[in-house]
Structures are given as C-alpha cells and as structure tokens.
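Q: Please examine one part of this model closely and describe how its strands are joined to one another.

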Amino acid sequence: MSGARGDSGGGRGRRLTAAAILLVGIQAGAAGPAAADEWTVRTGVHADAWSGVGQKGHQILAPTSLAFDTPAWGLSVRTAYGTSERDPATGPTGSITGFTDTTVSGYYRLTVSRIELRAGLDLDLPTGVSRLRTSQIAAVQDDDLVLLRRFGEGFDLNGSLSAYRNFGAFGLGLGVGYLRTGEYDPTSDPNDDIDPGDELTVAALADVYATDTIRLILRAAYTYFTADERRGGVDALREGDEVDLLVTTEWRPEPWWVAVTLRGILRDKAERANAVGQLVPESRNSNGDEIRGRLTAGYILNDVWAVSGTVEVRHVAANDFPAGDPLHDGGRTKVAFGPSVAWTPTRTFGAEAAFRYFIMDVKQSPFFQTDGTIHGVHVDVRLTYRF
C-alpha cells in the first residue's frame, strides 16, 4: 500500500470506489437491460493464502448475494462471513472472524431518444467487524494479498448517473458518481475515529465492434478526493487525484474467446496536515503510478462446460520518498496465473471454480519492512441460481 493510504486509516481497498461503481454502471448500459424479471442467488467460497518476507496470512470468505432484476430496475443485497489472519513476524498473530459490511444496491434505467440512462445508488451498511481490538489489528492486510483489507468501516452512500448511446457498430457512454463515506472507529482507541474523504468521479467509455468477432473497449475516469478527517472534524490527509485509463480487446471466434486488457492509474501528490493543521502538498509524491495487464483465453467445450486460463500482471512503481523515510514505498510487481472451469447444466443453475497462483516481488514499504518475494494463491468457488 502506498504511504498516503497506509497512514490515513481509510481502507479504500475494501469497497467499490465511486469510479468502480460508475464504470460498472456505464458498461451495464452497454450490455443492455434484463430480458425479463429474474431473481439471482449467488454464494460460494473465496480463499487467499500467502507467505514471504517473514510474514504469512490467509483469508477465507463465504460471500452471499440476492438480486432482483427487471428490464427497467433492479435491487440487490450482498454480504459475507469469514475469517482473516496474519502473522507479521514482528509481533503476535492477528485474527478477525465475523461478518463483513453489507451492501444494498439499486438502479433504474430508461431510454430517451435512443440514449440509455441509468441511475444507481449503493449503500454500504456497517454490519461488519470494524472496531478492532489490539489483538486483531495485525489482521489488516494488503489488498494485493487478500480480497478484503478490512471487514468493516462506516456507512457509505454511493450514487451514480450514466448515459450510453449505441450507434450500431460503436457506442459511447458518460457518467458521474459520488461516494459519500461515513465515519468509523478503526480500533479500540476512543480517539482515532476516521472519516475517509469523499470521492467525485467523472468517466467516459467507448466500445467499437471492429468485426463480428472483435470488440474494442476504451475507458477513462478522473477521481477527486476530499480530505480524510480525524475525530472532531480535523483534516488529516487528502489523497491525490487519480486518472484511470483502460483499453480492452475481445476476440470471440466461437468456441474460442480471448480478452486482453491494459490499464494505467496515475496518482497525483497527496496533501498532508502541517504543524498548524493546514493541508499542504507533499514535498514528494507518496503515491506510485500503476500498470495492470490481463490476458484470458477460453474455450467452450459444449453447452454445459467451458474452460479458460488467465495471466494477470500488476506493477506499482516506487514513490518519490527515499529509502529510510517513513513514507517510502519501493513498489511491487505481482504476477498471477491459473485456470478456471464453468459448469452450466441448466439455464437456472451454474457453478464456476477458479485457481490463481501468484508471485509478488515487494520492496520496502510501510506494510513490508524488507524486500523479498511472496508466494500465494487465490481460490474461488461460485454457485449461481436464477429463478
């Protein structure tokens, strides 16, 4: 994690950000509405395990969701129960067991003059474990290693509005989203309440069908953050603005399909409180820019079975603070790869299993005290039932 995020107490790795919600909404418009009223139940198991640089940890979650979709609107609720544990080597092992926060989502869509409009609202309810005891603090983990950094935070409200227009061989989408974060107490210390900064995101999307089997998707988003506040409304940190650029190429000559995605995230300097409590730009940028890549190739065996393989690469550059500074982050590079299999015996029921082995080269940072290599796995088993 970067220096700015590491000491803010925020935990943005846990939830969908305003940018993520908005871009999902725009792409939902590109995909088109549901064909008919439908309930969907999803459950399964997600497991992460890793070790290296003198540390080890694991996380096991049982996520559950229920959704109802119609051609014009939809509602959903999702949560999870699980356990997260980390041995930091420099102190006692930390462990968290319990529920995560619950997300209630809704959307409404309509078409005006061939423009698909979609309004969405997501509420993150603080039902999870958030106020950690001293024995649990070590269980907070980096989100490169496990799915959830924390199990719980405050009450968040995430609204979005997007528009999409299809012109035949290509389409265009625009949107705006706002994430209003809520205050929460991250530990048993009564004086460390944190209210993470809000997020305002504007985004654009273009998708083009170059041929009947080749589709190109271009996405861009800009996010502005307000200041994180400590107990009593005292400004502590304002994260640097972000520019998120993505391009995806899909090739689907059935029964094969191939998708290649490249993504770049550029992060500006944060602002930190000075000796008199005023927010001023950092002397150096504590955020490292990021590049991600993903290649997935799959094959449809028959009407019931499909298989695929994925390779993912994520590189976070070192920030501008020198080694030895408390905010120094030397960056990291993660490579993950593995197969997945999907079984869909009927229209109403399906199951999917995926396995990823990963190797991550890490440099010294606020989370990793030494350079080294981490090895780990991500495992997913998902069940879906529609009625």
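**Strand S3 and its partners**

A: In this predicted model, S3 and S4 form a hairpin with six residues between them, and Ala89 in the turn has a positive phi of about 70 degrees. The two strands of this hairpin, S3 and S4 (residues 94-99), are antiparallel and are paired through six bridges. One of the contacts can be placed by residue: Arg86 has Gly94 as its bridge partner in S4.

Arg86 also has a partner in S2, since the S3 residue paired with Gly57 is Arg86. Strand S2 (residues 55-69) and strand S3 (residues 73-87) run antiparallel and are joined by 14 bridges. S2 and S3 likewise make a hairpin, with three residues between them.

Strand S3 has a further antiparallel partner in strand S5 (residues 102-112), to which six bridges connect it. Here Trp73 stands opposite Tyr108 of S5. Strand S3 is thus paired with S2, with S4 and with S5.

As a general point, side chains in a regular strand alternate between the two faces of the sheet.

Elsewhere in the chain, strands also contribute to a surface feature. A nonpolar patch of about 590 Å² of accessible area is formed together by Leu161, Val176, Tyr178, Leu200, Val202, Tyr222 and Tyr224. At least two of the patch residues come from each of strand S8 (170-180), strand S10 (199-209) and strand S11 (214-225). Val202 is located in strand S10, and Val202 counts as partly exposed because its relative accessibility is 42%, a value between the limits of 20% and 50%.

Notes: Residues numbered from 1 in each chain as written. Predicted model: local features only at pLDDT ≥ 70, side-chain atom pairs only at ≥ 80, totals over all residues. Heavy atoms only, no water. Patch = residues over 30% accessible without salt bridge, like charges linked within 9 Å, V, L, I, M, F, W, Y side chains within 5 Å. Areas by Shrake-Rupley, 256 points an atom, 1.4 Å probe, with all protein chains shown as cover. Salt bridge = Lys/Arg side-chain N within 4 Å of Asp/Glu carboxyl O. Helix = DSSP H or I, 4+ residues; strand = E, 2+ residues; numbered from the N terminus. Buried < 20%, exposed > 50% of the residue type's maximum accessible area, 1.4 Å probe, protein only. Pairing = 2+ DSSP bridges.
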